[in-house]
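Here are a few friendly notes to read alongside the structure. Please keep the 3D view open as you go through the points.

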Amino acid sequence: EAGVVVSIKKDIGDKVNKGDVLAVLENPELSRQLIIHKAEMEVTQSNYLRLKSVYDKTPELTTITDFENVEATYKIAKAKYQSTINRDRLLTIKAPFSGLITQRNIEIGDLVQNSLNSSSSTPLFQIMDMDIIRLVIDLPETEVDNISVGMNAVITFSELAGKKEFNVKVSRMANMIDNTSKTMEVQIDISNENHVIKAGMYAEVNLQLQSDGEKLSLPNESV
């Protein structure tokens, strides 16, 4: 939902849990609609309840058509009010999942556009789940028949002290060759509970291929 940033609750480096408030927007026009639609809903609700009481007790005093028209008017007003409430709730920006904020792209006073109506909208925040790091490998076409999900892999990060090794397994494969690079994307998930691995690091990957038992050492790949 579009609005002006009036409050920023979290910043880069902050750990957040799912549902934590990151920022609050303000939309005066939407606030005005909320008041109007609430009033309309309350008026139609009152008319509906009054006519329903009459119809239930003495149905001969009104027609079923009149009662159904009043009921329909109330339901439409109620739905419109609920829709406005849902839009208003979107002005409170919340974390969709737990993680670490790695980017904040808004400032107090910024006008945020509705991403559904703007193709060039910029994400307000970037959140990463650092507990699991996903390593992406571009495997040469000549080796795609020699790898499978669950295959052992040894990952080394030269930037980490002592060049610590991580013994992991191949998590998933694209099973499709990129026509431009003639490689297949392979992904490896690495447990990172202590957050020692940082997003964007490069890693050396060693795989034991199935074809002839030879070890394949791939170039550094970005996490």
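1. Is Thr44 buried or exposed? This is a predicted model, and in it Thr44 has a relative accessible area of 13%. The cut-off for buried is under 20%, so Thr44 counts as buried.

2. You will find Thr44 in helix 1, which covers residues 28-57. Its side chain reaches back to the backbone oxygen of Met41, at 3.0 Å. Beyond residues up to four places away in sequence, Thr44 touches Thr73, Tyr74 and Ala77.

3. Next, have a look at the open sheet of three strands, where the order is 8-12-11 and the pairing is antiparallel. Strand 8 (132-140) and strand 11 (172-177) are at the edges with a single partner strand each, so each has one side without a neighbour in the sheet. On average, and ignoring direction, neighbouring strands here are turned by 15° against each other.

4. Within that sheet, nine bridges link strand 8 to strand 12 (residues 183-191) in the antiparallel sense. One pair to pick out is Pro140 with its bridge partner in strand 12, Thr183.

5. The largest nonpolar core has 26 residues, and those touching the most other members are Ile147, Ile155, Phe157, Ile188 and Ile190. Two or more residues each come from strand 8, strand 9 (152-156), strand 10 (165-169), strand 12 and strand 13 (202-208). A second, separate core holds 15 residues, among them Val16, Ala23, Leu30 and Ile127.

6. Ile147 deserves a click of its own. Setting aside neighbours within four places in sequence, Ile147 contacts Leu139, Val170, Met173, Met184, Val186, Leu207 and Gln210.

Methods: Residues are numbered from 1 along each chain as its sequence is written. This is a predicted model: local features need pLDDT of at least 70, side-chain atom pairs count only at pLDDT 80 or more; totals for chains, interfaces and linings use all residues. Side-chain values use heavy atoms; hydrogens and water are left out. Two strands pair if DSSP finds at least two bridges between them. Helices (H or I, at least four residues) and strands (E, at least two) are DSSP runs, numbered from the N terminus. Axes are lines fitted to C-alpha atoms, for helices over the stretch in contact, and angles run from 0 to 180 degrees between N-to-C directions. A nonpolar core is a set of buried Ala, Val, Leu, Ile, Met, Phe, Trp, Tyr and Cys residues joined through side-chain atoms within 4.5 Å. Buried means under 20% relative accessible area, exposed over 50%, partly exposed in between (1.4 Å probe, protein chains only). Contact means heavy atoms within 4.5 Å. A polar contact is a pair of N or O atoms within 3.5 Å; within protein, one must be able to donate a hydrogen and the other to accept it, and residues adjacent in sequence count only if both atoms are side-chain atoms.
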